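Please look through the sequence and the model shown below before reading on. The paragraphs that follow begin at one cysteine and widen from there to the rest of the chain.

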Amino acid sequence: MVKRRGSSGGLSRPLFWAVLAHVALILLLTVGVDLWKDEPVRPAGQPIEAEVIDPAALDAARERIDAAERARAQADRARQAKVEEEQRRIEELQRQREREQERAQAAAEQRQQEEAAAAKAAEQAQREREAAQQAAQAKQQAQAEARAAAEKAAAAKAAADKAAAQKAAAARAAAEKAAADAKQQADASAAKQAAEQKLQQDQAAKAAAQKAAAEKAAAQKAAADKAAAQQAAAAKAAADKAAADKAAAQAAAAKAAADQAAAAQAAAGAAERANQINGFVAAIQRQVQARWRKPLNWPPGLRCELRVKLLPSGEVIGAQAVACGGDPAFVESVEQAVMAASPLRVPTDIRLFNEHFRNFIFEFKADAV
């Protein structure tokens, strides 16, 4: 809904309504006209009242708004510049105040240093006065001590002379007494030495008797220990020998059992190999028998031994009769049968093949089934 612009409103509000009215008018002219052509529809609700705005007035209003915006931006910049200028002035005052504080602090430190130097000089003067006073007192005390030492030395000399006289008298008395005591001690010592010598002789005799008894007991104990050790060694040797004989018997029994088992295993293996060989020989016999062209009126019971050479695959590379009678036709027929039966059935075990079939004597029996 659009209202008319009041005479007392600002610039932005009328402009808003004017733009809205233009938009509504454009919509009515572009969309509403087509709808009315098909079927006029009565719009619901209240009718919209619109006012036609002069474009020149609209431009003038826009210019006024832009001018107001520029004026407000300029005022903001001026206010910001003023604030920044005030901030710089405050910072300069702060720096000036800090410099004054630094100068005051430096002056206070200088004053404290001068006071400390004056106090130090006063203390030095006081120490020098006290040192001079102490030196004077020390000199007086040294003089007094020298006098006292001289008096003490004189008294000591007198006392020493007196003591020396007394000591000489005492020495003479002591020497006389020592001589008497020495003689008495010499007599007593001689008597004591004689008694001690007798006692030592008695103790030596007793010790010798005890030593002889101990040696005899030790010899008896050693003989008993030796006999016991010999008996123990003999018993141990007998036990060791019995154990060794038992172990040897067990080892021999185990070896015999192992040899017997190995022989049995070897015999079983040989029997198995013989069975395998016989089986392959019988198979070869059947193959050759199947290829042999037996002529009519051939006598029964003929045999022929041939040297046959084979490849591991069973292919025959040579068959030559070695003991086949004197009939060339029979020999030739058997050799041809062996060649025709190639490849022969041979074992896949290459060791078994090399030992028994690579180059072997094949006995052909004409009557074999």
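Cys-324 has a relative accessibility of 8% and so counts as buried, where buried means under 20% relative accessible area, exposed over 50% and partly exposed in between, with a 1.4 Å probe and protein chains only. Cys-304 is likewise buried, at a relative accessible area of 1%. These two cysteines form a disulfide in which the sulfur atoms are 1.8 Å apart, a disulfide being a pair of cysteine sulfur atoms within 2.5 Å. Because Cys-304 belongs to strand 1 while Cys-324 sits in the loop between strand 2 and helix 3, the pair ties together parts that are 20 residues apart in sequence. The torsion about the S-S bond of Cys-304 and Cys-324 is about -125°, so this disulfide is left-handed. A search of the whole structure finds 1 disulfide.

A word is needed on how to read such values. The model is predicted, so that local features need a pLDDT of at least 70 and side-chain atom pairs count only at pLDDT 80 or more, whereas totals for chains, interfaces and linings use all residues. Residues are numbered from 1 along each chain as its sequence is written, and side-chain values use heavy atoms, with hydrogens and water left out.

How confident is the prediction along the chain, on the pLDDT scale from 0 to 100 that gives the predictor's confidence in each residue? The protein chain averages a pLDDT of 84, and 88% of the residues score at least 70. Among the elements, strand 1 (residues 303-310) has the highest mean, 95, and helix 1 (residues 12-38) the lowest, 64. Over residues 1-10 pLDDT stays under 50, and the model has 10 contacts beyond four places in sequence for them, a contact meaning heavy atoms within 4.5 Å. Residues 32-38 also stay under 50, with 4 contacts beyond four places in sequence. Where pLDDT is low, the predicted coordinates should not be read in detail.

The secondary structure comes to 4 helices and 3 strands, which are DSSP runs numbered from the N terminus, helices being H or I with at least four residues and strands E with at least two. Read along the sequence, the pattern is α-α-β-β-α-α-β. Strands count as paired if DSSP finds at least two bridges between them. Strand 1 and strand 2 pair in the antiparallel sense over 6 bridges, and one of the positions involved is Arg-307, whose bridge partner in strand 2 is Gln-320. In the hairpin of these two strands, which has 5 residues between the strands, Gly-314 takes a positive phi near 100°. Strand 1 is also joined to strand 3 by 7 bridges, and these strands run antiparallel; here Arg-303 has Lys-365 as its bridge partner, and Glu-305 has Glu-363.

Which side chains of strand 1 point to the buried face, and which to the other? Cys-304, Leu-306, Val-308 and Leu-310 point to one face and are buried, while Arg-303, Glu-305, Arg-307 and Lys-309 point to the other and are not. In a regular strand the side chains alternate between the two faces of the sheet. Strand 3 has a covered face made of Phe-360, Phe-362 and Phe-364, and an uncovered one with Asn-359, Ile-361, Glu-363 and Lys-365.

The largest nonpolar core has 28 residues, and Val-288, Leu-310, Phe-357, Phe-362 and Phe-364 have the most contacts inside it; such a core is a set of buried Ala, Val, Leu, Ile, Met, Phe, Trp, Tyr and Cys residues joined through side-chain atoms within 4.5 Å. At least two of its residues come from each of helix 2 (55-291), strand 1, strand 2 (316-323), helix 3 (328-340), helix 4 (350-356) and strand 3 (359-365), and helix 3 gives the most, with 5 residues. Leu-310 touches several residues beyond four places away in sequence, including Val-316, Ile-317, Phe-353 and Phe-357.

Two loops complete the tour. Pro-343 lies in the loop between helix 3 and helix 4, and a cis peptide bond joins Ser-342 to Pro-343, with omega about 0°. Gly-301 lies in the loop between helix 2 and strand 1 and counts as partly exposed, at 48% relative accessibility. The C-alpha atoms of Gly-301 and Ala-366 are separated by 6.5 Å, although these residues are 65 residues apart along the chain.
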